[in-house]
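Open the model in your viewer and follow the stops below in order.

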Number of protein chains: 2
Amino acid sequence: MIKKVIDVKNPGKTAEKILAAARMVFAEKGYSGAHVDEIAVRAGVNKATLYYQIGDKDTLYANVIHQVLGNTAQNIAASVAKVDHPEEKLKAYIKYIADAVDTNPEWTPIMMREMAADGAHLPRVVIEDIVAVLTILIGILDEGIKKRIFIEVPPFLIHMMIVGTILFYKKAVPIKDRQSWLPAEIKVHDRNLKSNLGEEVAKLVLKAIKR
Amino acid sequence: MIKKVIDVKNPGKTAEKILAAARMVFAEKGYSGAHVDEIAVRAGVNKATLYYQIGDKDTLYANVIHQVLGNTAQNIAASVAKVDHPEEKLKAYIKYIADAVDTNPEWTPIMMREMAADGAHLPRVVIEDIVAVLTILIGILDEGIKKRIFIEVPPFLIHMMIVGTILFYKKAVPIKDRQSWLPAEIKVHDRNLKSNLGEEVAKLVLKAIKR
DNA sequence: TCATAATATTTAAACGTATAGTTAAACCGA
DNA sequence: TCGGTTTAACTATACGTTTAAATATTATGA
């Protein structure tokens, strides 16, 4: 009975299952902490299948990185282009990044570990993507400065401020919340900004750079 | 000839040499990327010495973490107490953190990786230290709000903004500088804020939260 | 439509190296 | 000589990678 069926229905493409599992495991454990065996198990395939479909661990990681970090620039550009005023553009920029981090939770740990490792594994294409994002920001800031809306600020620092704040906050909150013994002072602040982190950060950054 | 002498003179305490080497290697490679053998080699001792002096890899890492991240609060408190106005206090707070990161380069990668791993290895004592630091910030902000110098802001977010900005910037600059192919637009900005990053960040944060 | 050949994909098992951790003996200053 | 300290050699296992056989899928020809 029960022909065999069970789980899979249409398999959803083996390679994709592997990539998805790899994304999770690399995000949780980092490159050296992630074991090929575990990725294979979580993907529900044999280890050799993984090698057949994708290749060795390095290749696998490069794929994950590209999948997670790549192709952000186009989306940001589109998001920013929808509005006109520099102030609105910057809001869109920040909001987009905050939302992307929400949608793509693996982003944060992978990025943090890459930075910790001095970007040792970052493929060129990802760096190009980051540069493209930065270029958008520079455009916004330049326009704002020209129109005398913004003061002059170092764009690279502003970018790091935006990204650093969002990523650190996102990762730090769960750690904080896990501490049951915290003094009330700490707990009492910071109520409900989980959902609108992007807006809160945008508010602060805008206030910081507006003339 | 050459009796054997060479380096050591008084050994500088074996355990300390090991800790120093471990700090470097863990910072460079992360927990699973760091190998006990390499730590022993860099410390110039045999692996068994390391086990005799300190213990297994976990113990070693816990020691490093505590050594690197612990005992910051007292210093910050002292630094902040030296000035009076909340604005000056906040400046001192930020400046202290920026300077500490400069003095202690291992701080950044270790902290980033710990956050990426959801603080899995963070010993209680380190979290207590971070809480103590946060408490100082809350004090500064509360005073500033009471004196109507600052607007109301979520302190935890502000802390993450300060730390996130500083750490991300510090780690991102070398990665950026390594890219020889960058478009001039990117390179041209951000001149000389290497040394006074703390001040620059303080300026931005203060502008963001001042009434 | 079916049988069979060719190809693509998956799998269990094995291999070799790297690595965390152990141990017993040598070393060395008091 | 005695105790703390260091050493090289060793063990067991974990892990990335490969192999060859099994199975599934597609193509071909009557």
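Which phosphate oxygen contact does a polar side-chain atom of A:T14 make, and at what distance? Select A:T14 and DNA strand C: the polar side-chain atom lies 2.6 Å from a phosphate oxygen of the strand. This is a predicted model, in which local features need pLDDT of at least 70 and side-chain atom pairs pLDDT 80 or more, while totals for chains, interfaces and linings use all residues. Residues are numbered from 1 along each chain as written, chains are lettered from A and ligands numbered from 1 in written order, and side-chain values use heavy atoms, without hydrogens or water.

Next select A:N46, where a side-chain N or O atom is 3.0 Å from a phosphate oxygen of DNA strand C. Then go to B:A34; here a polar backbone atom is 3.5 Å from a phosphate oxygen of DNA strand C.

Now show the 17 residues around DNA strand C (those with a heavy atom within 4 Å of it). A:T14, A:Y52, A:Q53, B:H35 and B:K47 come nearest. By class, this surface has seven nonpolar, five polar and five charged residues. Colour α3 (47-53) of chain A, which gives the most to the surface, with four residues. On the strand side, 63% of the atoms within 4 Å of the protein belong to sugar or phosphate and the rest to bases.

Finally, move to chain B and select helix α4 (residues 57-69) and helix α7 (residues 107-116). In α4(B), B:Y61, B:V64, B:I65, B:V68 and B:L69 meet B:W107, B:I110, B:M111 and B:E114 of α7(B) (heavy atoms within 4.5 Å). By class, this contact has eight nonpolar, no polar and one charged residues.

How values were computed:
Axes are lines fitted to C-alpha atoms, for helices over the stretch in contact, and angles run from 0 to 180 degrees between N-to-C directions. Helices (H or I, at least four residues) and strands (E, at least two) are DSSP runs, numbered from the N terminus. Ala, Val, Leu, Ile, Met, Phe, Trp, Tyr, Cys and Pro count as nonpolar, Asp, Glu, Lys and Arg as charged, and the others, Gly among them, as polar. A polar contact is a pair of N or O atoms within 3.5 Å; within protein, one must be able to donate a hydrogen and the other to accept it, and residues adjacent in sequence count only if both atoms are side-chain atoms.
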